[in-house]
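Work through the exercises below with the sequence and the coordinates open. Each task is followed by a solution in steps.

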Amino acid sequence: MKLTTIGDLQKELLKNPQYGRPNEQKQNKRKKNRRTRQRVDDPKQKYVYASQRRAANAVEGHDLENKANVQNIPILEAKKMGLTSPANQHCDALVNALEPEIMGQIRVEDDGSGNGASGAYAYLINKPAGWSILGEKQKTKKKQQLTNADRSTFDGAKRNKSGSKKLSKTRVKIKGEDNDVIEFDESEIMALLTPEERAMVEAESATDGNTRFDIPGWYDIESMTSLEREEAGIEDEDYDPSDIPDFDEADIIALLSKEEREEYEADKLEQKKQNSKGKKGTKGADMQSKYKSMTEEDVDESAVENLKRIKARLTSTKDGSDAGSFSSFQRPSLVSWLKDKKTAEGNPIRGGNFWTALAGATDVDDSGLVLLCPKKNTDNLIVEYSEYVAVVGNGKFLAPQAKKQAKEIPDDAIQLDMISRLRKNREGDVCQTVRFIISEHFSTCSSVVNRAQMQFEDGIRGDPGANPFDRRAPRRLIHCNSMSISSLTFDETSEAETGSLPDDIAILSNRLNGHKYQRGSFLGRQSLRANPLTTAYREINGAADGFPGWTVDRYGDWLFVQHDEKEPRGPLPSIHDGNTAGVYFLPANQDRGAMGSRDKIRPLLLEGRAAPEIVPILENGVTYHVSLDKDLSTGIFLDQRMNRAWLTRNCNENTHVLNCFAHCGAFSIAAASAGASTVSLDLEKKWLNRVEPQLEANGVTFNERHDCIFGDCFEWLEKFCKRGEKFDIVILDPPSSSVGKKKKRWSVNRDMAELVQLAAPLVKKGGLLWTTTNSASLHPIKFANLCEKGFEQAGIETKLERTQPMSVDFPSIGAPPVKNLAWRVK
């Protein structure tokens with residue numbers, strides 16, 4: 001072994017710094033084997049996470065008719081369709097027109113005034129369902145004020161982003177042993193060039209289409225500024241626009257060779273073909289021009305009014321916005337209500353974020369007592385107990401646990417009692433009303449959800465977070481019935497109780513004691529009866545109310561009864577109670593197609609006095625007309641009250657509504673009462689003849705802003721599309737099955753996708769397409785899939801925005817027969 005001294009080693013290292021080291025350079029130059037995946041448009045193998053694969057397999061293999069299927073299928077389907085937050089679908093606060101009520105108050109701070117100023121008291125308030133605590137936050141865009149210097153910098157950056165070539169790194173290799181690499185920024189290179197050289201570089205780089213020069217090596221002198229001409233070495237005195245030659249096409253052709261002329265003619269012919277194709281795509285625009293140019297002399301007198309309406313719609317389509325137009329709806333706020341109430345009493349208080357909800361009905365959907373306290377004094381209160389009443393029975397669908405869990409309440413602090421159980425003739429849809437008492441802990445209505453689901457292996461009825469497609473109640477049925485609180489600052493205690501359960505819970509829990517008419521209305525309809533803005537609703541909804549084959553509708557002072565003669569008769573109120581003037585009776589033949597034709601079945605006056613030919617009714621303050629003794633249909637479908645309420649709140653004078661299968665135009669009347677323009681389309685002219693009198697009853701003139709068209713919806717949807725008409729809302733509420741104008745049999749199971757495909761192109765971007773069906777046999781997810789298929793066939797991207805449940809007077813056994821879906825067009 002050869003020995004080396006330290007001195008020799010130092011000498012070697014001075015000569016060769018790499019002496020004694022392994023050959024790292026050669027090792028680093030070796031290429032490492034690495035698996036790569038090239039991005040392709042149509043990959044043969046799809047890479048997904050395991051959780052995504054399990055979810056996809058669950059959805060694909062899901063039998064919609066099997067009750068024992070995977071719990072998360074409705075949530076997965078809803079999110080796939082764009083409904084990202086199903087639990088945030090809240091009920092409507094204004095349908096029943098209920099107001100909050102202060103049930104108790106307690107001192108939490110001594111302000112010295114004794115008059116209940118801000119921060120001095122906490123309140124127990126009976127909150128109706130649909131009210132928020134602080135109100136919904138309005139999204140506003142702040143306008144940024146820019147100085148002149150900032151604005152020029154901003155404009156320059158914007159031009160650089162959109163109109164100029166992005167400066168990039170340039171790698172320059174210096175040849176040598178080590179192949180050193182030096183990096184330059186392109187701006188540094190440009191700074192070294194003369195103005196003439198910079199202009200030439202910009203001109204030569206114009207082939208990418210991002211600079212102001214269109215022809216490499218040429219300057220667009222006419223569009224250049226004086227500074228740009230100076231940088232390019234062009235003096236202003238040398239520039240004269242008149243010196244730029246204007247060539248004629250013949251002059252140019254004369255300068256071309258034979259081959260160049262042939263190529264020029266071929267390009268010209270190809271351009272002509274392209275232009276002819278473009279004209280075919282403007283058929284709708286040509287159709288608009290045709291209708292706008294027509295005069296009253298060009299058509300017969302009977303079509304003049306229709307022509308005016310067509311022209312008005314086409315003009316509004318052209319002049320109006322391409323985006324959907326709706327009014328912003330502000331949900332009522334409990335804090336704002338309290339502030340206004342105290343101001344009216346002469347004791348003004350602060351509002352907004354000064355307050356917080358500590359316990360009780362804190363969520364929008366919850367009803368009952370809520371503890372409202374100033375934020376700075378929350379430590380001065382304790383809750384002795386809170387009592388909650390919930391209805392359990394949601395088709396075995398459970399709401400997922402929230403990611404952010406509140407402080408868990410121990411088992412020994414919760415007492416559970418059964419109030420009632422509804423299971424007779426429910427066919428597996430058992431409803432149990434349960435009382436939860438939580439002692440010495442701050443709790444909310446959400447605190448009982450997980451406890452109820454664990455105890456009964458079923459969800460809270462109507463919970464949209466469990467199944468957004470199968471909503472068996474208008475909200476999540478939880479009510480804070482009573483609460484006791486104490487002040488730690490003063491020797492005071494406040495205890496309050498709401499006194500009665502809300503209608504949507506009472507209708508399922510009070511069958512033994514209250515299953516009868518009281519003060520003219522049936523169980524669960526007391527708030528509707530007390531509402532002066534609504535005089536038409538369903539009193540008894542057949543088997544769901546305990547009376548199979550027996551439905552009773554109230555239209556003001558008259559009742560309209562439908563009875564399946566295979567079932568026993570149900571109850572009716574006395575016509576001597578001062579609330580009912582007469583009762584009309586209609587035998588409900590199972591073959592509804594035969595009714596009114598050969599059988600000559602008509603509603604008959606059973607008792608009391610006869611109703612006038614037209615009975616005006618109120619619904620959410622809007623007047624509608626019904627007829628009780630002429631036809632099988634009265635003229636309005638009461639189960640759509642919630643959707644009509646939405647139209648009255650969210651439409652405005654710029655909203656344009658197309659109401660397909662309009663019947664007597666109830667949707668059109670609701671939208672028009674808010675200022676919208678409407679088109680009502682139906683196969684039967686006799687139904688559309690009722691639209692104009694109803695508009696006039698609401699103070700709306702039947703002019704060119706409103707139109708009624710009788711004909712086949714499929715045919716007219718195609719006509720609207722050819723004309724280029726657009727609507728903010730298109731409503732599709734077809735019958736489950738019927739026979740069309742050409743004797744073609746319609747079925748929602750078979751033809752809904754085609755109907756959506758025809759209607760979707762008529763909706764503006766940001767507009768809504770409503771799809772509704774009353775087919776009890778059609779599963780709600782299958783109905784949603786049919787609608788989605790229609791959108792795909794039309795090539796239009798949408799998202800599911802809302803699933804509208806039935807109102808309180810239409811309880812159901814199992815999934816509701818009526819499905820209401822609102823789709824937002826992107």
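Two strands count as paired if DSSP finds at least two bridges between them. In this predicted model, one such bridge makes L371 in β6 the partner of L124.

**Exercise 1. Strand β2 and its partners**

Task: Find which strands pair with β2, and in which sense.

Solution.
- Step 1. Strand β1, residues 101-107, pairs with β2 in the antiparallel sense over six bridges. Within this pairing, I106 stands opposite A122.
- Step 2. Strand β6, residues 367-374, also pairs with β2 in the antiparallel sense, over five bridges. L124 and L371 are bridge partners here.
- Step 3. Now check the cover of β2, which spans residues 121-127: seven of its seven residues are buried. Y121, Y123, I125 and K127 point one way from the strand, while A122, L124 and N126 point the other way. Residues of both groups are buried, K127 and N126 among them.

**Exercise 2. Cysteines and disulfides**

Task: Count the disulfides and explain the state of C445.

Solution.
- Step 1. The cut-off is a pair of cysteine sulfur atoms within 2.5 Å.
- Step 2. The cysteine sulfur closest to that of C445 belongs to C480, at 5.7 Å, so this distance is too far for a bond.
- Step 3. With this rule, the count is zero disulfides.
- Step 4. C445 counts as buried because its relative accessibility is 0%. C431 counts as buried for its relative accessibility of 0%.

**Exercise 3. A loop residue**

Task: Place A413 and decide whether A413 is buried or exposed.

Solution.
- Step 1. A413 lies in the loop between β7 (381-392) and β8 (414-422).
- Step 2. The threshold for buried is under 20% relative accessible area. A413 has 9% relative accessibility and therefore counts as buried.
- Step 3. Leaving out residues up to four places away in sequence, A413 touches I437, I438, S439 and H441.
- Step 4. For one of these, I438, the separation from A413 is 25 residues in sequence and 5.5 Å in space, C-alpha to C-alpha.

**Exercise 4. The seven-stranded sheet**

Task: Give the strand order of the open sheet of seven strands, then name the helices that pack on the sheet.

Solution.
- Step 1. The order is β21-β20-β19-β22-β25-β27-β26, with mixed pairing. The edge strands, each paired on one side only, are β21 (706-710) and β26 (798-803). From one strand to the next the twist averages 15°.
- Step 2. At the β26 edge, five bridges join β26 to β27 (residues 819-825), and these two strands run antiparallel. L800 stands opposite W823 in β27.
- Step 3. Helix α18, residues 641-650, packs on the sheet and touches β22 (727-732), β25 (763-773), β26 and β27. The direction of α18 makes about 160° with that of β25.
- Step 4. Helix α19, residues 666-673, packs on the sheet too, touching β19 (656-660), β20 (677-682), β21, β22 and β25. The direction of α19 makes about 175° with that of β20.
- Step 5. Seven of the eight residues of α19 are buried: A666, F667, S668, I669, A670, A671 and A672. Just after α19, G675 takes a positive phi of about 105°.

**Exercise 5. The nonpolar cores**

Task: State how many residues the largest nonpolar core has, and why this core lies between two domains.

Solution.
- Step 1. The core has 42 residues, and those with the most contacts inside it are Y555, I617, Y624, L628, I636, L647 and W770.
- Step 2. The largest share of this core, six residues, comes from α19.
- Step 3. Domain 1 (524-593 + 600-612) and domain 2 (637-825) both give residues to the core, so the core lies between them.
- Step 4. Take Y624 and leave aside its neighbours within four places in sequence: its contacts include I617, I636 and R644, as well as A666, I669 and A670. A666, I669 and A670 are among the buried residues of α19.
- Step 5. Another core, of 41 residues, lies apart from the largest one and includes W746, L755, A784 and V825.

**Exercise 6. The whole chain**

Task: Summarise the protein by its helices, strands and buried share.

Solution.
- Step 1. The protein has 24 helices and 27 strands.
- Step 2. Of its 826 residues, 43% count as buried.
- Step 3. Of the contacts between residues at least 6 apart in sequence, 65% join residues at least 24 apart.

Methods. Residues are numbered from 1 along each chain as its sequence is written. This is a predicted model: local features need pLDDT of at least 70, side-chain atom pairs count only at pLDDT 80 or more; totals for chains, interfaces and linings use all residues. Side-chain values use heavy atoms; hydrogens and water are left out. Buried means under 20% relative accessible area, exposed over 50%, partly exposed in between (1.4 Å probe, protein chains only). Helices (H or I, at least four residues) and strands (E, at least two) are DSSP runs, numbered from the N terminus. Axes are lines fitted to C-alpha atoms, for helices over the stretch in contact, and angles run from 0 to 180 degrees between N-to-C directions. Contact means heavy atoms within 4.5 Å. A nonpolar core is a set of buried Ala, Val, Leu, Ile, Met, Phe, Trp, Tyr and Cys residues joined through side-chain atoms within 4.5 Å. Domain bounds come from an automatic or database domain assignment.
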